[in-house]
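Welcome! Here are some exercises to work through with the structure on screen, each followed by a worked solution.

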Amino acid sequence: MNVVDIITKKRNGLTMTRSEIDYMVKGISEGTIPDYQIAAWAMAVYFQGMDIEETRDLTLAMAYSGEVMDLAPIQGFKVDKHSTGGVGDKTTLIAIALAAAAGIPVAKMSGRGLGHTGGTVDKFESIPGFRVELSRREFIEQVNTIKAALISQSGNLVPADKRLYAIRDVTATVESIPLIASSIISKKIAAGAQGIVLDVKVGRGAFMKDLDTATQLARTMVEIGKGAGREVVAVLTDMNQPLGYNVGNALEVAEALDLLRGQGAEDLKEVSLILTAHMLVLAGKHTDFQAAREELQQLLATGQAFQKFTEIVAAQGGRLDFSLPFYDLPQASHKEELIAREEGYVVDLDALKVGHAAMLLGAGREQLDDHIDPSVGVQLVKKYGDFVKKGDVLAVMHVNDINRLALARQQLQEAFTVGPAQPVTIPLVYKTVL
Ligand code: URA
């Protein structure tokens, strides 16, 4: 087989056979195909697309390109939850505690990832002492004992995706539905999930800017996941404004904890309940979605989900003090307010700009080896639709490096638009793809 022939075939819009896909993926993971040919092939896929069989073959070839977790020693049906990524999205932290409190085993492997704030692993690592590197034995034992554990994704998991994603990132080929779908689902399969709940974010702060493309991505992921024998459901949720109020790693942990204690933002609570209720249904705990949701509401109200979170933190060496403000999480040295310059309604709150402001403060990384500052970020005080008076605080920036402040402030200022008329309500959940 010849790589140039494969690139030519895809460039001309033809369908790749399974053995051609296997050959490409093997060459990507083993390093026998050079970056420039992989880049050319990715660009051909970007323009010509892939049909569902090609996408499924690519997903499976990638999933088995490295180590595949065997979660058989964990009792029960293993459900994973994945978000395509958004600003202020701390639902995974909440869903882990809620699902585990409901008795569903959550063996969670997450990445650090690029982005405006860190990935789930970075958020947990903002808890002093929290260990994200557990041995396989510790990981499995912990899930069997307290129903949940969270570790950093092993370096040997889906090596083909690791290399391909890095090349896509610098060749403008990330925004391709077959490439995104295969990248996400291959990692879930390799991580041992039997059921997968996908939160496909839609809007300015997401990969998918509009509902049509997000729906297409959701349908593709559900179909290839099911084709690979997994139970999958995708929920399309809004990412035009940040989810909840806090954006930044320790800030997001604190907000997740507040919510588990019954004090959180309504949008965050709603999305967390919906996603976790789907996890319970996939796991067979309930056949009725509403009954699953009611159980979760009870687990929140009785403090059992909060208790579960504290168990996970303690089991992994994390130190929090629930009697202290901010749970004794790391805090930035300065707080800077953004003040409303006029009276009116918040008619726009751009998630992307808020995310960018948080990244400028040091909450996220542009390159994989960038250092993250766990204590910095943005705390929104007002959100879309809120009424503000001139002089009201719109948001608070948590800052350590004052030199970063000016640019962050400018981004945050631009994120808010205040106008005279109350804006229409934006849906929080657009649709569910089963
Ligand atoms: N997230 C992934 O894991 N892969 C993609 O290609 C895009 C988002």
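**Exercise 1. Which residues are around the ligand?**

Before starting, note that this is a predicted model, in which local features need pLDDT of at least 70 and side-chain atom pairs count only at pLDDT 80 or more, while totals for chains, interfaces and linings use all residues. Residues are numbered from 1 along each chain as its sequence is written.

Step 1. Look for residues near the ligand, that is, with a C-beta atom, placed from the backbone, within 6 Å of it. They are Thr84, Tyr165, Val174, Leu179, Ile180, Ser183 and Ile184.

Step 2. Sort them by kind. Ala, Val, Leu, Ile, Met, Phe, Trp, Tyr, Cys and Pro count as nonpolar, Asp, Glu, Lys and Arg as charged, and the others, Gly among them, as polar. The shell then holds 5 nonpolar residues, 2 polar and no charged.

Step 3. Find the main contributor. Helix α9 (residues 177-190) gives the largest share of the shell, 4 residues. Helices (H or I, at least four residues) and strands (E, at least two) are DSSP runs, numbered from the N terminus.

**Exercise 2. How many helices and strands are there in the chain, and what is its radius of gyration?**

Step 1. Count the elements: the chain has 16 helices and 13 strands.

Step 2. Compare with the globule rule, which is 2.2 Å times the number of residues to the power 0.38, the radius of gyration being taken over C-alpha atoms. The chain's radius of gyration is 22 Å, close to the 22 Å that the rule gives for 434 residues, so the chain is as compact as a globular protein of that length.

Step 3. Add the outline: along the principal axes, the C-alpha atoms fill a box of roughly 65 × 45 × 40 Å.

Step 4. Check burial. A residue is buried if 20 or more other C-beta atoms (placed from the backbone) lie within 10 Å of its own, exposed if 12 or fewer, and partly exposed in between. Of the 434 residues, 55% count as buried.

**Exercise 3. What is the order of the strands in the open sheet of 4 strands?**

Step 1. Read across the sheet: β6-β9-β11-β7, with antiparallel pairing. Two strands pair if DSSP finds at least two bridges between them.

Step 2. Pick out the edges. β6 (246-247) and β7 (334-339) each have a single partner strand, so one side of each is left without a neighbour in the sheet.

Step 3. Follow one pair: β7 and β11 (residues 393-399) are joined antiparallel over 6 bridges. Within this pair, Glu336 has Met397 in β11 as its bridge partner.

Step 4. See what packs on the sheet. Helix α15 (residues 351-361) touches β6, β9 (377-380) and β11, and its direction makes about 140° with that of β9. Such angles run from 0 to 180 degrees between N-to-C directions, with axes as lines fitted to C-alpha atoms, for helices over the stretch in contact.

**Exercise 4. Which residue stands opposite Leu349 in β12?**

Step 1. Place the strands: an open sheet of 3 strands has the order β10-β8-β12, with antiparallel pairing. Its edge strands, β10 and β12, each pair on one side only.

Step 2. Take the β12 side. β8 is joined to β12 (residues 416-419) by 4 bridges. Leu349 stands opposite Phe416, and Asp348 stands opposite Thr417.

Step 3. Turn to the β10 side, where β8 (residues 344-349) and β10 (residues 387-388) pair over 2 bridges. Here Gly344 is opposite Val388.

**Exercise 5. Is Val197 buried or exposed?**

Step 1. Locate Val197 in strand β4 (residues 195-202).

Step 2. Count neighbours: Val197 has 28 C-beta neighbours inside 10 Å, so it counts as buried.

Step 3. List its contacts (C-beta atoms, placed from the backbone, within 7 Å). Not counting residues up to four places away in sequence, Val197 touches Val79, Lys81, Val233, Leu275, His278, Met279 and Leu282. The C-alpha atoms of Val197 and Lys81 are separated by 4.7 Å, although the two are 116 residues apart along the chain.

Step 4. Try Thr91 as well, in helix α5 (residues 91-101). Thr91 is buried, with 27 other C-beta atoms within 10 Å. Leaving aside neighbours within four places in sequence, its contacts include Ser83, Asp199 and Leu275.

Conventions:
Contact = placed C-beta atoms within 7 Å.
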